[in-house]
Amino acid sequence: MSTLTAVRTARGLALAADALTTFDDLKLPPDLDAAGEKVLRVGDALVGVVGYAAHHLVLQDAFERAEYLDLTSRRGIFETFRGLHEVLKDEYYLKPETGEDGDPYESSQVSLLIAAPTGLFGVYDMREVHEYTRYWAMGSGAAFALGAMHARWHDAESGALDAGALAALGVEAGCRFDASSGGPVTVYEVG
């Protein structure tokens, strides 16, 4: 899977990602992966993608071709992904079945973090969109990342750590303790 983090402080906004790609038990190390990016630039926003490796290229293409694209607000992101869902099914052959009895909606099978000048957002597979005030993490290493960022948030508030350093610290914790995350860590700044 991955570890992605996004951080917003009074002085900055950053998104960080690990570099390891896995296929079940097989690791594709970053030095052998010619296209291992997990983050897309979409206008002024950064979009970090977790889950299937295929999502990155599919979303990159879909974003470039989208008729409606708004990554600036919770509502705009919801509308963007509501519209993209049909496109993902029709043009990219998305299989929306999750196998979960009682799922209320078709799954888009995508989870991602968005760091935009207007905020930090998370999109989950049922197209639910969350907005975060300080920091968040996604992927298989998310719990480790959240714990590390929580423990050091006071340093970010005081200015001892900038947004990028705190985001990197979270991903480093994911890489240290999660079997599906690995370095190096890449930090992206917004703005």
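**Close-up 1. Contact between helices α3 and α4 in the predicted model.** On the α3 side, the residues that meet α4 are Phe 144, Ala 145, Ala 148, Met 149, Arg 152, Trp 153 and Ala 156, and their counterparts in α4 are Leu 166, Ala 167, Leu 169, Gly 170, Val 171, Ala 173, Gly 174 and Phe 177. Sorted by class, this contact comprises twelve nonpolar, two polar and one charged residues. The axes of α3 (residues 142-158) and α4 (residues 163-177) come within 8 Å and cross at roughly 150°; since angles over 145 degrees count as roughly antiparallel, the two helices are therefore described as roughly antiparallel to each other. The crossing in which α3 passes α4 is right-handed.

**Close-up 2. The open four-stranded sheet and its strand order.** The four strands are arranged in the order β10-β1-β2-β11, and their pairing is antiparallel. The edges of the sheet are formed by β10 (135-139) and β11 (186-189), each of which pairs on one side only. On average, and with direction ignored, neighbouring strands of this sheet are turned by 15° against each other. Between strand β1 (residues 3-9) and β10, the antiparallel pairing extends over five bridges, and Leu 4 has Met 138 of β10 as its bridge partner.

**Close-up 3. Packing of helices α3 and α4 on the sheet that contains the β1 and β10 pair.** Strands β1 and β10 are paired in the antiparallel sense, and α3 packs on the sheet by touching both β1 and β10, with its direction making about 165° with that of β10. Helix α4 also packs on the sheet, where α4 touches β1, β2 (12-17) and β11, and the direction of α4 makes about 155° with that of β1.

**Close-up 4. Contact between helices α1 and α2.** Helix α1 (residues 54-65) packs with α2 at an angle of about 115°, and their axes are 11 Å apart. In passing α2, α1 makes a right-handed crossing. From α1, the residues that make the contact are Val 58, Leu 59, Asp 61, Ala 62, Phe 63 and Arg 65, whereas α2 provides Phe 81, Leu 84, Leu 88, Glu 91 and Tyr 92. The residues of this contact divide into eight nonpolar, no polar and three charged.

**Close-up 5. A cis peptide bond in the loop between α4 and β11.** The peptide bond that runs from Gly 183 to Pro 184 is cis, with an omega near 5°. Pro 184 is found in the loop that lies between α4 and β11, and β11 is one of the edge strands of the sheet shown in the second close-up.

**Close-up 6. Positive phi at two residues other than glycine, Asp 24 and Gln 109.** Asp 24, although not a glycine, has a positive phi of about 55°, and Asp 24 lies in the loop between β3 (21-23) and β4 (26-28). With a relative accessible area of 79%, Asp 24 is exposed. For Gln 109, the positive phi is near 60°, and the loop in which Gln 109 lies is the one between α2 (74-92) and β7 (111-116). Gln 109 is partly exposed, its relative accessible area being 22%.

Note on methods:
Residues are numbered from 1 along each chain as its sequence is written. This is a predicted model: local features need pLDDT of at least 70, side-chain atom pairs count only at pLDDT 80 or more; totals for chains, interfaces and linings use all residues. Side-chain values use heavy atoms; hydrogens and water are left out. Axes are lines fitted to C-alpha atoms, for helices over the stretch in contact, and angles run from 0 to 180 degrees between N-to-C directions. Angles under 35 degrees count as roughly parallel, over 145 as roughly antiparallel, 65 to 115 as roughly perpendicular and the rest as oblique. A crossing is left-handed if the near helix is turned anticlockwise from the far one by less than a right angle, and right-handed if clockwise. Contact means heavy atoms within 4.5 Å. Ala, Val, Leu, Ile, Met, Phe, Trp, Tyr, Cys and Pro count as nonpolar, Asp, Glu, Lys and Arg as charged, and the others, Gly among them, as polar. Two strands pair if DSSP finds at least two bridges between them. Buried means under 20% relative accessible area, exposed over 50%, partly exposed in between (1.4 Å probe, protein chains only).
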